[in-house]
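Me: Please examine the structure below with me. I should like each descriptive term to be justified by its value and its criterion.

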Amino acid sequence: MQTAAQAASAALSSVSKPPSSSDANAKPLRQPQAPRLSQNSLDNFWARMAAMFGNTWASQFGESPTGLAGDTWGAALAGITPSQISAGLHATLALGAEFPPSAPHFRALCFGIPSFAAFRHEMTHAHVPRSPFGVKAWEFVDAFRMRQADQREADRIARDAYDLAKDFVMRGGELPEVHAALRAPLEPERKPPAPPEVAKAHLDKLREMLADPADEGDQA
């Protein structure tokens, strides 16, 4: 029986062996082409980013989607639907940034992934609408551990949940549907007004607490 060392030695010898004439004449294997955004969609995306950022975009990535920059963006946007690209463009505009986002950042915007700050705000404020990404990220949170954690530990738990949810989405995972009731901001709790007799009793008690002792002496 051939040992592992013998198998490794045989593999190395086969790699180091010079190719024969028949091997040299053999046609190279064709590598499968990597997924890429269609050229028409890439041209349209390029024009919109150039219109949004002007010379900043052209100087950084070129006036047309050619060369390394075009190939990189075409690969980064592979599998992104036109509606998702539109969402990414709107999210880019909402950032109000002077410089265009990187290809990975724009891809995240297309998927509706918020910034960590926005996600943390959603986690800690009940009146903020629940986003699909936030609902997904909560699946990675240990609720009991979160309730027992101090501020630093809570931030660490939130960051881990954010990173796991982002990795899930960037790898093609679909975000859950969010019920309309969760999308709407929660109304603040409104307590009914106290009955008149209860309000009068509280006012009388406050008057007694604020009464000047000197006035009581004068009345005596």
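Reply: Contact here means heavy atoms within 4.5 Å. The model is a predicted one. By that criterion, and not counting residues up to four places away in sequence, Glu 122 touches Val 128, Pro 129, Arg 130, Ser 131, Gly 134 and Val 135. Glu 122 itself is placed in helix α8.

Me: What makes Glu 122 a residue with no salt bridge?

Reply: A salt bridge requires a side-chain nitrogen of Lys or Arg within 4 Å of a carboxyl oxygen of Asp or Glu. For Glu 122, the nearest side chain of opposite charge is that of Arg 130, 4.5 Å away. That distance lies outside the cut-off, so no salt bridge is assigned to Glu 122, although the residue is buried.

Me: Why is Lys 136 called buried or exposed?

Reply: Buried means under 20% relative accessible area. Lys 136 has 11%, and therefore counts as buried. This residue lies in helix α9. Leaving aside neighbours within four places in sequence, Lys 136 is in contact with Ala 165, Phe 168, Leu 175 and Pro 176.

Me: How do you know that Lys 136 forms a salt bridge with Glu 139?

Reply: The closest N and O atoms of Lys 136 and Glu 139 are 2.9 Å apart. The limit is 4 Å, so the pair qualifies.

Me: How many salt bridges does a search of the whole structure find, and what makes Arg 36 and Asp 71 one of the pairs?

Reply: The search finds seven salt bridges. Between Arg 36 and Asp 71, the closest N and O atoms are 3.6 Å apart, and the pair is accepted because the limit is 4 Å. The pair links distant parts of the chain: Arg 36 is in the loop between α2 and α3, Asp 71 is in helix α5, and 35 residues separate them.

Me: Why are Arg 36 and Asp 71 called partly exposed?

Reply: Partly exposed covers the range between the buried limit of 20% and the exposed limit of 50%. Arg 36 has a relative accessible area of 33%, and Asp 71 has 44%. Both values fall in that range, so both residues receive the label.

Me: What makes Asp 163 and Arg 159 a salt bridge, and how are they placed in their helix?

Reply: Their closest N and O atoms are 3.9 Å apart, which satisfies the criterion because the limit is 4 Å. Asp 163 and Arg 159 are four residues apart in helix α11, so about one helical turn separates them. An α-helix has 3.6 residues a turn, so residues three or four places apart point the same way. Asp 163 is partly exposed at 38%, and Arg 159 is partly exposed at 36%. Elsewhere, Arg 145, Glu 153 and Arg 156 are linked in a network of salt bridges.

Me: Why is α7 called largely enclosed by the rest of the structure?

Reply: Six of the eight residues of α7 are buried, so the helix is described in that way. The buried residues are Ala 103, Phe 106, Arg 107, Ala 108, Leu 109 and Cys 110. They pack against α3, α5, α6 and α11. Just after α7, Gly 112 takes a positive phi of about 75°.

Me: What makes up the largest nonpolar core?

Reply: A nonpolar core is a set of buried nonpolar residues joined through side-chain atoms within 4.5 Å. The largest such set has 34 residues, and those with the most contacts inside it are Phe 45, Trp 57, Trp 73, Phe 106 and Phe 119. Among the elements giving two or more residues to this core are α3, α5, α7 and α11. The largest share, seven residues, comes from α11. Beyond four places in sequence, the contacts of Trp 57 include Phe 45, Trp 46, Trp 73 and Pro 100.

Me: Why does Leu 210 count as exposed, and which patch includes this residue?

Reply: Exposed means over 50% relative accessible area. Leu 210 has 72%, and therefore counts as exposed. Leu 210 is found in helix α13. With Leu 203, Leu 206 and Met 209, Leu 210 forms a nonpolar surface patch of about 460 Å² of accessible area together.

Me: What is the secondary structure of the protein chain, and what percentage of its residues count as buried?

Reply: The secondary structure comes to 14 helices and zero strands. Of the 220 residues, 24% count as buried.

Technical notes: Residues are numbered from 1 along each chain as its sequence is written. This is a predicted model: local features need pLDDT of at least 70, side-chain atom pairs count only at pLDDT 80 or more; totals for chains, interfaces and linings use all residues. Side-chain values use heavy atoms; hydrogens and water are left out. Patches are made of residues with over 30% relative accessible area and no salt bridge: like charges are joined within 9 Å, nonpolar side chains (Val, Leu, Ile, Met, Phe, Trp, Tyr) within 5 Å. Accessible areas come from the Shrake-Rupley method with a 1.4 Å probe; for residues, only the protein chains shown count as cover. Buried means under 20% relative accessible area, exposed over 50%, partly exposed in between (1.4 Å probe, protein chains only). Lys and Arg count as positive and Asp and Glu as negative; His and the chain ends are not counted.
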